[in-house]
Amino acid sequence: MPQAGQEIEGFGGMRLRFLRVDPEVLEMEASYSGEAGMPPLHLHPSQGERFEIVEGRMRVIVDGEETVQEAGQSFEVPGGTPHQMAAEEPTTMRWEIRPALRSPEFFERLYGEGPTSAREMGESFFAEFEDEFRLA
């Protein structure tokens, strides 16, 4: 079970560190190398997200509107809103997901290995987490 203090290596130079893991909120620090492209357009049906850029710059598209967010700025993505973002340079941000639902497990298994990982399960992995993540 994911817990505060745990770190996960993601794709394209991304690293997640869980700061707070409870049913109300998943709070993380996310670090990006700035080399990865945009993830697919997606949404979280019943979860809102809040992001605060600590350092660097993020190109953000929320509900079709594109902005660049820089250090000291924050933005929110309401539940059910299509979005995607990518770091334009090495970037660190604070990231909250409310309510957490099964998001900690989603990230742990998305970037992990083994029989229950996204790599092994393919489409059925995303079907299992449809309350947390859907392609838009």
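Contact here means that heavy atoms lie within 4.5 Å of each other, and with that in mind the tour of this predicted model can begin at a single side chain.

**Stop 1: M28 and the core**

Select M28, and then show its neighbours: leaving aside residues up to four places away in sequence, M28 touches L16, R17, F18, L19, M93, R94, W95, I97 and F107. Now widen the selection to the largest nonpolar core, which has 29 residues, and in which L16, M28, Y32, M58, M93, W95 and F107 touch the most other members. If you colour by secondary structure, you will find that several elements each supply at least two residues of this core, among them strand 2 (15-21), strand 3 (26-32), strand 10 (91-98) and helix 1 (103-111).

**Stop 2: the aromatic rings**

Next, select W95 together with F107, both of which are buried. Their rings form an edge-to-face aromatic pair, with 5.3 Å from centre to centre and 70 degrees between the planes. Because W95 lies in strand 10 and F107 in helix 1, this pair ties together parts that are 12 residues apart in sequence. Then move to F126 and F133, whose rings form a tilted pair, 5.6 Å centre to centre with 40 degrees between the planes. To see the wider arrangement, select F51, F75, W95, F106, F107, F125, F126, F129 and F133, which ring pairs link into a cluster.

**Stop 3: F133 and its surroundings**

Keep F133 selected and look along the chain, where this residue sits in the loop between helix 3 (123-128) and strand 11 (134-135). Is F133 buried or exposed? F133 has a relative accessible area of 13%, and since buried means under 20%, F133 is buried. Its partner F126, by contrast, counts as partly exposed, at 32% relative accessibility. Show the contacts of F133 as well: not counting residues up to four places away in sequence, F133 touches H42, L43, H44, P45, F106 and F126. If you add Q3 to the view, a C-alpha to C-alpha line from Q3 to F133 spans 20 Å, while the two residues are 130 apart in sequence.

**Stop 4: the largest pocket**

Finally, display the surface and turn to the largest pocket, which has a volume of about 630 Å³. Of the 32 residues that line this pocket, select M14, P39, P40, H42 and Y111, which are the closest to its centre. Strand 5, strand 9, strand 10 and helix 1 each supply at least two residues of the lining. Colouring the lining by class shows 21 nonpolar, 9 polar and 2 charged residues.

Key. Residues are numbered from 1 along each chain as its sequence is written. This is a predicted model: local features need pLDDT of at least 70, side-chain atom pairs count only at pLDDT 80 or more; totals for chains, interfaces and linings use all residues. Side-chain values use heavy atoms; hydrogens and water are left out. A nonpolar core is a set of buried Ala, Val, Leu, Ile, Met, Phe, Trp, Tyr and Cys residues joined through side-chain atoms within 4.5 Å. Buried means under 20% relative accessible area, exposed over 50%, partly exposed in between (1.4 Å probe, protein chains only). Helices (H or I, at least four residues) and strands (E, at least two) are DSSP runs, numbered from the N terminus. On a 1 Å grid over the protein atoms alone, a cavity is a set of points where a 1.4 Å probe fits but cannot get out, and a pocket is an open set with protein on both sides within 12 Å along at least five of seven lines; lining residues have an atom within 4 Å of a point. Grid points are joined across faces, edges and corners, and a volume is the space filled by probe spheres set on the points. Ala, Val, Leu, Ile, Met, Phe, Trp, Tyr, Cys and Pro count as nonpolar, Asp, Glu, Lys and Arg as charged, and the others, Gly among them, as polar. Rings of Phe, Tyr and Trp (its six-membered ring) pair if their centres lie within 6.5 Å; planes under 30 degrees apart count as stacked, over 60 as edge-to-face and the rest as tilted.
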